[in-house]
Amino acid sequence: MPSAIKAGIWLWVAFNLGLLAWVLMTSLKSTRDILLGPFALPTHIEWENYVTAWDTAGFGQATLVTLIFVFSSLVLVMGFSLPAAYGLARRMDRTASTLTAYFAMGIALPMQTVLIPYFVVNTSVGQFMTDWVTGAWDPRIGLVVFYSATAIPWTVFVLTAYFRSLPSSLEEAAQLDGAGPWLIFRKIMLPVARGPVTTIAIITGLGAWNETLLVLFLVPDGAQRTLPAALLNMYYGLQYTSNWGALFAGVVLLVGPIVAVFLWLGRRIIEGATLGANK
């Protein structure tokens with residue numbers, strides 16, 4: 001790799017690390033310190049900023065909602081995508097190719113083009129459930145379903161390509177021992193694909209953690225929204241309180257878990273994306 005490219009990469013890394021350190025430092029400063037010295041060290045550590053972000057801005061409830069949303073979306077996306085991708089990868093007829101092409105088309109579909117249909121369907125289903133079935137409806141159910149619908153095409157497309165790269169000798173050997181398709185998939189193919197599956201699950205979970213647009217459209221109640229939406233509501237409230245330290249504390253609470261995941265699993269994510277069956 002040319003030295004100029006290496007230098008550019010390291011400069012970009014240094015810039016991002018510096019930006020992260022500045023956000024962390026600013027989250028511990030008072031509003032007065034921030035306005036008088038944006039890049040100066042805090043004169044006094046303001047841990048109250050985190051208390052304000054967690055309690056006053058509703059980050060405690062938003063964190064719980066976000067964790068449930070991420071877990072539910074992961075279960076739905078991976079539960080559908082894994083068997084679908086394996087089935088498409090092992091079928092060699094035109095139907096499998098057509099379905100794979102449809103999933104690829106789903107990747108190219110912009111989120112903005114489906115926001116209004118998602119909103120109409122979610123509202124109609126909620127009204128039907130409230131009037132005729134359960135008497136109540138939580139719009140976050142629709143949020144999980146529709147986010148999963150946007151994440152599944154990419155997941156299926158990527159996993160289908162990976163399963164197709166696996167040698168068929170793995171399945172043939174299992175079939176000689178009397179294993180059926182479901183047993184082969186669960187006991188052989190999934191363990192072999194553990195690295196890429198883990199990588200895709202992490203990326204899908206991070207996408208759910210950061211999702212904002214769908215939350216704002218589908219969940220009207222601010223108390224039921226996820227962390228990014230809660231942070232946005234907090235930003236709008238700054239025009240009345242001007243508590244910039246608490247806003248930066250909210251940014252740290254939102255970004256901190258993502259940074260921790262990449263520090264912990266960054267190498268595994270990269271290795272999982274390139275892991276093959278022969279390793």
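A nonpolar core is taken here as a set of buried Ala, Val, Leu, Ile, Met, Phe, Trp, Tyr and Cys residues joined through side-chain atoms within 4.5 Å. In this predicted model, the largest such core holds 63 residues, and those touching the most other members are Leu143, Val156, Leu159, Phe163 and Leu214. Helix α4 (residues 59-90) supplies the largest share of this core, with 12 residues.

Phe163, one of these well-connected members, is a good place to start looking around. Beyond its neighbours within four places in sequence, Phe163 is in contact with Leu82, Ala85, Tyr86, Ala89 and Arg90, and also with Phe185, Met189 and Ala193.

Met189 turns up again in the packing of two helices, α8 and α9. The axes of α8 (residues 169-176) and α9 (residues 181-192) come within 11 Å and cross at roughly 150°. Angles over 145 degrees count as roughly antiparallel, so α8 is roughly antiparallel to α9. Their crossing is right-handed. On the α8 side, the contact is made by Leu170, Glu171, Ala174 and Gln175, which meet Ile184, Ile188, Met189 and Val192 of α9. Six of the residues in this contact are nonpolar, one is polar and one is charged.

Trp209 offers another view of the packing. This residue lies in helix α10 (residues 194-210) and has a relative accessible area of 10%, so Trp209 is buried. Leaving out residues up to four places away in sequence, Trp209 touches Thr66, Leu67 and Val70, together with Leu227, Pro228, Leu253, Leu254, Pro257 and Ile258. With Val70, the C-alpha to C-alpha distance is 6.1 Å, although Trp209 and Val70 are 139 residues apart in sequence.

Definitions and conventions: Residues numbered from 1 in each chain as written. Predicted model: local features only at pLDDT ≥ 70, side-chain atom pairs only at ≥ 80, totals over all residues. Heavy atoms only, no water. Axes fitted to C-alpha atoms, helices over the stretch in contact; angles between N-to-C directions. Helix = DSSP H or I, 4+ residues; strand = E, 2+ residues; numbered from the N terminus. Parallel < 35°, antiparallel > 145°, perpendicular 65-115°, else oblique. Left-handed = near helix turned anticlockwise from the far one by under 90°. Contact = heavy atoms within 4.5 Å. Nonpolar A, V, L, I, M, F, W, Y, C, P; charged D, E, K, R; others polar. Buried < 20%, exposed > 50% of the residue type's maximum accessible area, 1.4 Å probe, protein only.
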